[in-house]
Amino acid sequence: MLIGALLRVPAQAIQRRLIKGLNAAGFDELRLPHMAVLQFPGPDGARPGTIAERAGMSKQAINQLLRSLEGFGYIVRSDVPGEGSARIVRFTERGHAAFSEMVDILRDIEDEWRAELGPERFAQLKGLLFVVWDSPLAR
C-alpha cells in the first residue's frame with residue numbers, strides 16, 4: 001500500500017470518530033464536510049480565504065460551510081475594521097464548546113492508539129509525523 005492510503009485511511013477514521021463523538025455530545029448538526037473548517041488549528045480568528053487554503057478548497061465551497069456553521073450557531077463572520085470587505089471568523093460560545101469537545105475526543109483517540117501500539121511505538125509514530133509536519137514534504 002502506498003503512503004497516501006496509509007495516511008488517508010486513519011485520518012478519515014479519526015474524522016468519522018470526531019463527528020460521531022460530537023453528535024453524541026449534543027452537536028447534532030455537525031457532519032464530515034464541516035471538518036474542513038473545524039480542523040486544526042480551527043477557524044477562530046481566520047479569514048475565509050485562509051480557511052479555504054488550509055482545507056484545499058475553493059472560497060465558495062468554504063463559504064457554504066461557513067454559512068452552515070453560522071446558521072447552526074457555531075461561528076460568526078464579521079468585518080475587519082479598516083480593511084474594506086475583509087471578513088474574519090470567530091467562534092461563538094457553542095463553537096468554542098464544540099472545539100473543546102473535539103480536543104477531548106482526540107485525546108481519547110490518542111490514548112487508544114497508545115494502548116494499541118504501545119507507548120514507545122506510539123511516541124515513535126507521532127515523532128515521525130512531527131518530522132514530516134516540519135519538513136518540505138508537507139508543503
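**Surface patch, aromatic pair and helix 3**

Met-1, Ile-3, Leu-6, Leu-7, Trp-113, Leu-125 and Leu-129 together make up a nonpolar patch on the surface, and their combined accessible area is about 710 Å². The elements that contribute two or more residues to this patch are helix 1 and helix 6 (119-133). The model is a predicted one, and the points below are grouped by topic.

**Nonpolar patch**
- Helix 1 supplies the largest share of the nonpolar patch, namely 3 residues.
- Ile-3, one of the patch residues, is placed in helix 1, and it counts as exposed because its relative accessibility is 59%, where the cut-off for exposed is over 50%.

**Aromatic pairing**
- The structure holds 3 aromatic pairs, one of which is formed by Phe-27 and Tyr-74 in a tilted arrangement, with 6.2 Å from centre to centre and 50 degrees between the planes.
- Phe-27 sits in the loop between helix 1 (3-24) and helix 2 (35-38), whereas Tyr-74 sits in the loop between helix 4 (59-71) and strand 1 (75-79), so the pair ties together parts that are 47 residues apart in sequence.
- Phe-27 and Tyr-74 are both buried.

**Helix 3 and its surroundings**
- Within helix 3 (residues 48-55), the residues Pro-48, Ile-51 and Ala-52 are buried; viewed down the helix axis, the buried residues of helix 3 fall within an arc of 100 degrees, and therefore they line one face of the helix.
- The cover over the buried residues of helix 3 includes helix 2, helix 4 and strand 2 (87-91).
- Gly-56, which comes just after helix 3, adopts a positive phi of about 70 degrees.

How values were computed
Residues are numbered from 1 along each chain as its sequence is written. This is a predicted model: local features need pLDDT of at least 70, side-chain atom pairs count only at pLDDT 80 or more; totals for chains, interfaces and linings use all residues. Side-chain values use heavy atoms; hydrogens and water are left out. Rings of Phe, Tyr and Trp (its six-membered ring) pair if their centres lie within 6.5 Å; planes under 30 degrees apart count as stacked, over 60 as edge-to-face and the rest as tilted. Helices (H or I, at least four residues) and strands (E, at least two) are DSSP runs, numbered from the N terminus. Buried means under 20% relative accessible area, exposed over 50%, partly exposed in between (1.4 Å probe, protein chains only). Patches are made of residues with over 30% relative accessible area and no salt bridge: like charges are joined within 9 Å, nonpolar side chains (Val, Leu, Ile, Met, Phe, Trp, Tyr) within 5 Å. Accessible areas come from the Shrake-Rupley method with a 1.4 Å probe; for residues, only the protein chains shown count as cover. A salt bridge is a side-chain nitrogen of Lys or Arg within 4 Å of a carboxyl oxygen of Asp or Glu. The arc is that of the directions from the helix axis to the C-beta atoms. Contact means heavy atoms within 4.5 Å.
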